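This report goes through one protein chain, starting with its strands and ending with its loops. Please keep the sequence and the 3D view open while reading.

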Amino acid sequence: MEMPLRLIAPVLALPGSTYFSNYEVFIAERRIGKSQSQFIKLVYTSLPYQRRLSQYGPNYSMVYKLRVTRDRACDESLLANDMA
């Protein structure tokens, strides 16, 4: 699915590989209402012959439409972690 996201900041960019997939992790924001937003962890995967997201020179004030796949195994609530 396509989702409009605004990148907040890069969190992790591992050194590039010439044989395996490359991963970059960003904190992103998505709008869920007129005055509400939600922060999400965005893991960008690229193959060795593809450009990494950071190589596109992202503008952190723009909203991008990215094709994303949700990984429900990564879902967690900050509130639940604080209560444990």
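## Strand pairing

In this predicted model, strands E1 and E4 run antiparallel and are joined by five bridges. Within this pair, Glu2 has Arg67 of E4 opposite it.

E1 also pairs with E2, again in antiparallel fashion, through six bridges. Two positions help to place this pairing in the 3D view: Ala9 stands opposite Ile27 in E2, and Arg6 stands opposite Glu29 in E2.

## The hairpin

Strand E2 covers residues 22-31 and strand E3 covers residues 37-46; the two are antiparallel, with 10 bridges between them. Together E2 and E3 make a hairpin, and five residues lie between the two strands.

Which residue of E3 stands opposite Glu29? That residue is Phe39. Glu29 is also the residue of E2 that Arg6 stands opposite. Elsewhere in the hairpin, Asn22 has Ser46 of E3 opposite it.

## Overall fold

The protein chain contains one helix and four strands. Followed along the sequence, these elements come in the order β-β-β-β-α. The C-alpha trace spans about 40 × 30 × 20 Å along its principal axes.

Of the 84 residues in the protein chain, 19% are buried. The exposed surface of the chain is about 6,900 Å², of which 56% comes from carbon and sulfur atoms. Taking contacts between residues at least 6 apart in sequence, 52% link residues at least 24 apart.

## Nonpolar core

The largest nonpolar core has nine residues: Met3, Leu5, Leu7, Phe26, Ala28, Leu42, Leu53, Leu66 and Val68. Two elements supply two or more residues each, namely strand E1 (2-13) and E2. E1 is the largest contributor, giving three residues to this core.

Which residues does Val68 contact, once neighbours within four places in sequence are set aside? They are Met1, Met3, Leu5 and Leu42. Among these, Met3, Leu5 and Leu42 are themselves listed in the largest nonpolar core, as is Val68.

## Aromatic rings

How many aromatic pairs does the model hold? The count comes to zero.

A charge does sit over one of the rings, however. The charged end of Arg51 is placed over the ring of Tyr56, at 4.1 Å from the ring centre.

## Loop between E3 and E4

Met62 lies in the loop between E3 and E4. Met62 counts as partly exposed because its relative accessibility is 39%, and the partly exposed class runs between 20% and 50%.

With neighbours within four places in sequence left aside, Met62 contacts Leu5, Arg6 and Leu7. Leu5 and Leu7 belong to the largest nonpolar core, while Arg6 stands opposite Glu29 in E2. Measuring from C-alpha to C-alpha, Met62 and Pro10 are 15 Å apart in space and 52 residues apart in sequence.

## Loop between E4 and H1

The loop between strand E4 (63-67) and helix H1 (78-83) is where Glu76 is placed. Is Glu76 buried or exposed? Glu76 is exposed, because its relative accessible area is 62% and the exposed class begins over 50%. The C-alpha atoms of Glu76 and Lys34 are 24 Å apart, and 42 residues separate the two along the chain.

Asp75 is found in the loop between E4 and H1 as well. Asp75 has a relative accessibility of 39%, so this residue counts as partly exposed. Between the C-alpha atoms of Asp75 and Lys41 the separation is 9.5 Å, with the two residues 34 apart along the chain.

Key:
Residues numbered from 1 in each chain as written. Predicted model: local features only at pLDDT ≥ 70, side-chain atom pairs only at ≥ 80, totals over all residues. Heavy atoms only, no water. Pairing = 2+ DSSP bridges. Phe/Tyr/Trp six-rings, centres within 6.5 Å; stacked < 30°, edge-to-face > 60°. Lys NZ or Arg CZ within 6 Å of the ring centre and 35° of its normal. Core = buried A, V, L, I, M, F, W, Y, C linked by side-chain atoms within 4.5 Å. Buried < 20%, exposed > 50% of the residue type's maximum accessible area, 1.4 Å probe, protein only. Contact = heavy atoms within 4.5 Å. Areas by Shrake-Rupley, 256 points an atom, 1.4 Å probe, with all protein chains shown as cover.
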